[in-house]
Amino acid sequence: MIKLNDPITVMPGVGPKKEKNFAALKIRTVYDLLHHYPRGYLDLTQAVPIFMAQDGDTVCIRAVITRKLTGAYLPNRGKGRMQLFKLYAADDSGSMTVSFFNQPYLFSSLSSGETYYFYGKFTRGEHGAQMASPQCFLAETAPHVLPVYPQTAGINNKFLQELVKTAFVECKDQLAEPLPSFMRETLSLLSIEQAVSQIHYPQNMKLLDAAKRRFAFEEMLCFQLGLSQMRKERTELQSIQLSDMSLTPFYDTLSFELTDAQKKAIGDCVSDFSGTVPMNRLIQGDVGSGKTMVAAAAIYLMAKNGYQSAFMAPTELLAVQHYDNLKKLFEPLGIECVLLIGGLKAKERRYAQEMIQTGAGKVVIGTHALISQGVEYVKLGLVITDEQHRFGVNQRGLLQQKGEHVHTLIMSATPIPRTLALLVYGDLDVSIIDELPKGRVPIETFALPNEKRVRALKFVMKEVQKGRQAYIVCPAVEDGQTDLISVTAYAEALQKTPLGVLNTAVLHGKMKSAEKDAVMKAFSSGEVQVLIATTVIEVGIDVPNATVMLIENADRFGLSQLHQLRGRVGRGSEQSYCLLLAAHATDRIEIMTKTNDGFELAKEDLKLRGAGDFFGDQQHGLPPFKLQEAMNDPRLIEQAKTAADEIIAEDPELNQQYVLLGESVKRLFSRNEQESFN
């Protein structure tokens, strides 16, 4: 008898080799197999008559086999011979030829006179209507809707269909129901057995939607329960107490005035430092809104009270930039800064570790090197992560474990609507910086077709001749990777244009750290006039003299990424420009030309993509939801939040009447740690 928790190798046809293939799909047990949901469905009820089928469309056609031909052998480009099988099929509107290559068993299983569903790419040419290698289903026994699963090498859709069916028959009586009956009745949710059955082999589209809704609700409920438990754990910790909370000396060193939004966010941090539990706060602000200054104020208070702060950035480039800026800020205040990144030489690393271990280094800025073995903090009081979506809760947790009951500050320049921020960062308090520093001039953004590239480059030349600098962003590193424009090819082509007289440089992620640092220093100093780069410059690069951002293949970038890239210019007092070059105008590009407000863009992005796609698979510490419906239905989210609050009130530890839900919560968040963060 097959059991739910058995390894996947108990299933027929799954040996050691297939086991590795299944591991790539995150399927290790029979339970995982039954919760490997289809990515789409073939709806055989939507069959198209042969006469109506359009050339090049992928369609489903219901037709009778009228004649079969024996296999013929064809030359196969030096690989021996290829066997071709043909049959003719017809419906009331016309006929078509169906071809199969090297599939004798499939061909022999098809019978003349029988009606089949043929699903595949339809072509119509000089030889009439045709289909090559379609999927075939006997109409008499075929289900109305067939699942199409995420697949990998060695595991095709048909094999998955058969395996899931076997697993369900064997294990349906073992499926434990985590949702209480009153909740299912109140919200009209399918039972676990019904939901598993209908999500894999739906009787109709209405039942399929009901199955998706049930699992989406369950995932969101478990997510909310997990966040509630995280909040509860935090309230049980004793906060680090600070005695001196005056920021006057810090403010006196600044040569500019902070915005009201920055002051409010700093006030939120001060309030947290005065509380009884450790701070766990998100500072969310648009590109260039000055989040780092809020972090600097918090660091100052920590250092003044004898505590260390660890500031983790996602890239060495950004870590070095933060180090340079914070060092200038804190040196006059007598606060030592330390840089700790993987690219340090052995002697530099030993010095940095010594500064950290003795407590002389009060501010430690670096990458994930901050959480490596051998890095010991004397009195860690504050942990800061910049660009949170580049990290995960597990990495943040490792840094927090370097101290006791440390305060946590998280910064994100990816604006999301406030309601979603409260959902996604449910274990955090949220501060929003929604105004830019004084003196910033709004960036002018223009959408241009590829035919206007020469005009765009002339504009870049004009700005550089004024003494300004420019970025040119390309999506690929080298030619041959994709059909996209690459930085290397672009840099070479640019030498043959009037811009060839300018001092240009290339920057991309495959370069060594020392090379990247050298290029960025040259660009920051003004030696390099035009920087041709990939999206490696998307985060944190601050060169006030750069006034032009030209983005090639702009239609290939997401709205959030376009906004982040645009934010590399407009950081000084001069008028800046963003030029979006694309073969075709898109809704995203059109929206970019209308507003510079990241929060407005976030709302539009949400409308375009839905919340699940909006966050992506590895964003913001979210568990990897199996169904995007869990993030795309505001009403479902509210229902899950209400249900979670009621459950926590009854069973805070989920170890009495909600044990099965507690297990589901652990499963969801363990999946999060396994797959979500790089």
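**Entry 1: helix 18**

I began with helix 18 (residues 559-566), where I found Leu559, Leu562, His563, Gln564, Leu565 and Arg566 to be buried. The model is a predicted one, and I read burial as under 20% relative accessible area. Six of the eight residues of this helix meet that criterion, so I noted helix 18 as largely enclosed by the rest of the structure.

**Entry 2: helix 16**

I then looked up helix 16 (residues 487-494), in which Val487, Tyr490, Ala491 and Leu494 are buried. Viewed down the axis of helix 16, these buried residues fall within an arc of 100°, so I recorded them as lining one face of the helix. I recalled that an α-helix has 3.6 residues a turn, so residues three or four places apart point the same way. I also asked what covers the buried residues of helix 16. The cover includes helix 15 (453-465) together with strand 17 (469-473), strand 18 (504-507), strand 19 (530-533) and strand 20 (546-551).

**Entry 3: the seven-stranded sheet**

I traced an open sheet of seven strands, with parallel pairing and the order 11-12-10-13-14-9-15. Strand 11 (337-340) and strand 15 (429-433) are at the edges; each has a single partner strand, so one side of each lacks a neighbour in the sheet. On average, neighbouring strands of this sheet are turned by 20° against each other, direction ignored.

I examined one pairing in detail. Strand 13 (residues 380-386) and strand 14 (residues 407-412) run parallel and are joined by five bridges. I located the bridge partner of aspartate 386 in strand 14, and it is methionine 411.

**Entry 4: helices on the sheet**

I followed helix 10 (residues 291-304), which lies across strand 9 (280-285), strand 10 (308-312), strand 12 (363-366), strand 13, strand 14 and strand 15. Helix 10 runs at about 165° to strand 14. Helix 11 (residues 316-330) also packs on the sheet, where I found it touching strand 10, strand 11, strand 12 and strand 13. The direction of helix 11 makes about 170° with that of strand 11.

**Entry 5: helix 9 against helix 10**

I last checked helix 9 (residues 260-273), which packs on helix 10 at an angle of about 30°, the axes being 9 Å apart. The crossing of helix 9 and helix 10 is right-handed. From helix 9, I listed Gln262, Ala265, Ile266, Cys269, Val270 and Phe273; they meet Met293, Val294, Ala297, Ala298, Leu301 and Met302 of helix 10. By class, I noted eleven nonpolar residues, one polar and no charged in this contact.

Terms used. Residues numbered from 1 in each chain as written. Predicted model: local features only at pLDDT ≥ 70, side-chain atom pairs only at ≥ 80, totals over all residues. Heavy atoms only, no water. Pairing = 2+ DSSP bridges. Helix = DSSP H or I, 4+ residues; strand = E, 2+ residues; numbered from the N terminus. Axes fitted to C-alpha atoms, helices over the stretch in contact; angles between N-to-C directions. Contact = heavy atoms within 4.5 Å. Left-handed = near helix turned anticlockwise from the far one by under 90°. Nonpolar A, V, L, I, M, F, W, Y, C, P; charged D, E, K, R; others polar. Buried < 20%, exposed > 50% of the residue type's maximum accessible area, 1.4 Å probe, protein only. Arc of directions from axis to C-beta.
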